[in-house]
Amino acid sequence: MRKYIILLIIIVFAVSIMYAGVGCKTTATTETTLAVTETTAAVTETAAETTAAELGVKPPTEKVTLNVTCWTFRGSTGALKEETDAAMAKFKEKYPTIDIKMTMPAYADQDALLSTGLMGGQGPDVWINECGGAINGLVKYIDYTLPLDSFCIQEWGPNWKDMVAKEALAPIYWGTGGTESTIALPDYIEIMGDSGFYNKTYFDKFGLTPPKTWDELVSVGEVLKKNNIEPIAFGASGQGDKRALWEYMALDFAGPKVFDAINGKANFTDPEFIATTEEFKGFFDNGLFGKDPFTGVLYMDKITEYYQGKFAMNFMGSWELGVAEGPTDYGKKDKNMEWRIWDLPDWNGDGKTYGALLAPAQVWCINKDISEERQRAAFIFIKECVYGIFATVQANHPSWMAFTDVPRDLSKSGLTEQGLKDVEFFSNSLKNAAGYSGMKYTELDDALNKGLAAVAVGEMTAQKAMEELQAASESLERTY
Amino acid sequence: MEENHKMSRLRFKVNTGYIFILPAIILFIVLILYPIIYNINLSFYQWNGASIHKIFIGFENYITLIKDNVIAICLKNSLLYILIELPLNIILAFIFAYLISQIANVYRRISSLIRTIIFLPSIIPPAFIGIIFRRILEGQNGYLNNTLRSIGLGSLAINWIGNYKIAIYTVLLVHVWWLVGYAVVIYLSAMQTIPKEYYESAEIDGANRFRQVIHITIPYLNFTHFTLIILGTITSLTTFPLIYTLTVGGPANSTEFLTTYLYSRAFAFGKAGYSATIALLILVCALIITIIQLRLYRSRMII
């Protein structure tokens, strides 16, 4: 009897600790929405009051050391590092009261650091995050993130959003309950969906031209396979890799309808999406991805092999131009090879194209639980990252910044003459963007990836995969 | 009065005993009981793992768990682990242990060397094993397939971890390689407790080596077999690092286990509430296995 009493006391004690301790609040997301709405109202008032003469966020008067967490900052080697260091020196000269203490964890470790730090009240002042298809990373920390609208208006005026590619800004608002509060600023953006890269050395060797139609792609693939070169680098064990390719193709088959379907205004079971999925399966049926598209190897490992000459084509986007022509962190490139832009095929052969997809590769966030002085210092730092000293460093190598008129000097980019011409390709893609990249909702992302994996290995038909995706879409509560 | 004095001394001894076990109780509450109860509570919420807000959703996570076909795949893979990896591991470990014990009678140093070599994989962190074997078994350019092709056996160069039909069996074999050494050491220790007189008597009675193994060694080690079976069964539910680094649960979820699935839901999808539900499922399965073990042990079916 005594044993049972003691056991009961222990359980009651444990339950009491739990209820006294972490998170049994049942407050719904309406609280966050209300807080963000109040901020938006304050922002509107600030916008009305700001005049040109008052533009510019003032740096702190006393010394502030900002804690910045990011898995990468511009470049770790070579010319990009030198320019980054020079830019940092310029920053310190311009803002003597702001010191930057940068912590650069490995990409895979950043989330754990942020999660434990922010929840424990010891988070960084500024951090970098992913966005677009990896919207979870941004939405997860929304409760800790400072809305930046008032700072943006103070710095650039009420029409500051006109300075930013709108498709790059859209994903930032996904997790804010539709309030359009700017919880992060986009850094450089990825332009993709209408291009890939191909190994020019192989194509010249085997007398091939970059395929412009599906049939040409299959023929090129046959020639490459006969010569023991795998056609396309595609490692799809990562979550977003299958979805990204499907998305590019869906845009070609369905046009802007793909965004309607994501937003619940069209059905994924419509013929265009089923046709997209069947074409997606065609890659595997025709052996275009080699023998093992779904190994445990991640996409980036495949890209490393691509640069070593084991594959002939890939689906990477604008960020690849500098890599194709210059050094890479993906491992050793084969120095005897050349890579060029591949204008992706017209997948459904109807002669229509819809442009590229944009995604902010990285966004900058500020911790809302820091003092007002630190918030100003933090904003000044990220302002220089997206539209100032550090932005130019990124733009020079070359990247496309979300703030579209960041000045650029490509003389130090290491690009060849052809490469400099290729810059125009992506600049035009940016102007003709069709929309944002990435499934807004993780439930859709999950259903699509599962379905595509099953379709690729023949365990599910394209029709069934789209039915599952449509079921996921219908079960969603779309709050943004 | 003497009776009262005795009772109060007894009460003092008992109360002092509780004080001595108090630190262990506190550790148990903080490190085991509290996380379990917190996890049960979390399974009724929708939470992304970082937000300060949680949304109570009742049994929705449990309904999702029942409808989730990947959970069925995970349970199937755990069953395959019990039906394939476990017997293979135990049989191989027994054979190795027996051979080593026989060699040790004559060549002590050689048997020590063999034992060390067999045991080495067990001390390598499983995450490293996953990374190493991924390089070895990769279909296109893995070391194994490159070697097979270079010696004219290209037809055997299959897609070990990329083919969704065979990837799970590859994973199980890698587990055997990793864990067989651990079982060998356990068997070796147990074999040393078998009285030599049993073998001598059997030899006198005309039993050959094979019959001695069947009628003496194997039955005597019943408890060891049973312990390894239980440990292996628990491992089938809790294994994670090796699988995650080897196949990430792919291709097409074919090597997904409850632990890898829990991890992806929690950290890639921000569904901490659903992950808590999966964790509960693991706990319940492990509890059932443990209860069965205790019942069997108490019924003296295992000596």
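These legends go with a set of close-ups from a predicted model.

**Figure 1. Chain A at a glance.** Before zooming in, here is chain A as a whole: its secondary structure comes to 19 helices and 13 strands. Of the 480 residues in chain A, 57% are buried. Take the contacts in chain A with a separation of 6 or more, and 77% of them come from residues 24 or more positions apart.

**Figure 2. A tilted ring pair, A:Phe91 with A:Phe390.** Searching the whole structure turns up 50 aromatic pairs over all chains, and this view picks out A:Phe91 and A:Phe390. Their ring centres sit 5.6 Å apart with the planes at 35 degrees, so the pair counts as tilted; stacked would need planes under 30 degrees apart, and edge-to-face would need over 60. A:Phe91 belongs to helix H3 (residues 78-94) of chain A and A:Phe390 to helix H16 (residues 389-395) of chain A, so the pair ties together parts that are 299 residues apart in sequence. How buried or exposed are the two partners, A:Phe91 and A:Phe390? A:Phe91 has 0% relative accessibility and counts as buried, and A:Phe390 is likewise buried at 0%.

**Figure 3. B:Phe44 and B:Tyr62, a tilted pair in chain B.** Here the ring centres of B:Phe44 and B:Tyr62 are 5.5 Å apart and the planes meet at 40 degrees, so this pair is tilted. B:Phe44 sits in the loop between helix H1 (2-42) and strand S1 (45-46) of chain B, while B:Tyr62 is in helix H2 (residues 60-67) of chain B. With their positions 18 residues apart, the pair links distant parts of the chain.

**Figure 4. An aromatic cluster in chain A.** Which residues do the ring pairs link into a cluster? The members are A:Trp214, A:Phe234, A:Phe280, A:Phe283, A:Phe284, A:Phe289, A:Phe315, A:Trp342 and A:Trp347.

**Figure 5. Charges over ring faces in chain B.** B:Lys54 lies over the face of B:Trp47, at 4.6 Å from the ring centre. Elsewhere in the view set, B:Arg265 lies over the face of B:Phe269, at 4.2 Å from the ring centre.

**Figure 6. Helices H3 and H4 of chain B packing together.** Helix H3 (residues 69-106) of chain B packs on helix H4 (residues 108-123) of chain B at an angle of about 155 degrees, and the axes are 6 Å apart. That angle makes H3(B) roughly antiparallel to H4(B), because the cut-off for that label is over 145 degrees. From H3(B) come B:Phe96, B:Ile100, B:Ile103, B:Ala104 and B:Val106; they meet B:Arg108, B:Ile110, B:Ser111, B:Ile114, B:Arg115 and B:Ile118 in H4(B). Sorted by class, this contact has 8 nonpolar, 1 polar and 2 charged residues.

**Figure 7. B:Thr217 and its neighbours.** Look for B:Thr217 in helix H9 (residues 209-220) of chain B. B:Thr217 is buried, at 0% relative accessibility. Leaving aside residues up to four places away in sequence, B:Thr217 touches B:Phe94, B:Met191, B:Ile194, B:Tyr199 and B:Gln212.

**Figure 8. Two residues with some accessible area, B:Thr290 and A:Lys3.** B:Thr290 is part of helix H13 (residues 272-298) of chain B and is partly exposed, with a relative accessible area of 30%. From B:Thr290 to B:Thr247 is 29 Å, C-alpha to C-alpha, with 43 residues of sequence separation. A:Lys3, in helix H1 (residues 2-20) of chain A, is exposed, at 69% relative accessible area. A:Lys3 and A:Glu272 are 269 residues apart in sequence, and their C-alpha atoms are 67 Å apart in space.

Definitions and conventions:
Residues are numbered from 1 along each chain as its sequence is written. Chains are lettered from A and ligands numbered from 1 in the order in which they are written. This is a predicted model: local features need pLDDT of at least 70, side-chain atom pairs count only at pLDDT 80 or more; totals for chains, interfaces and linings use all residues. Side-chain values use heavy atoms; hydrogens and water are left out. Rings of Phe, Tyr and Trp (its six-membered ring) pair if their centres lie within 6.5 Å; planes under 30 degrees apart count as stacked, over 60 as edge-to-face and the rest as tilted. Helices (H or I, at least four residues) and strands (E, at least two) are DSSP runs, numbered from the N terminus. Buried means under 20% relative accessible area, exposed over 50%, partly exposed in between (1.4 Å probe, protein chains only). A charge sits over a ring if NZ of Lys or CZ of Arg is within 6 Å of the ring centre and within 35 degrees of the ring normal. Axes are lines fitted to C-alpha atoms, for helices over the stretch in contact, and angles run from 0 to 180 degrees between N-to-C directions. Angles under 35 degrees count as roughly parallel, over 145 as roughly antiparallel, 65 to 115 as roughly perpendicular and the rest as oblique. Contact means heavy atoms within 4.5 Å. Ala, Val, Leu, Ile, Met, Phe, Trp, Tyr, Cys and Pro count as nonpolar, Asp, Glu, Lys and Arg as charged, and the others, Gly among them, as polar.
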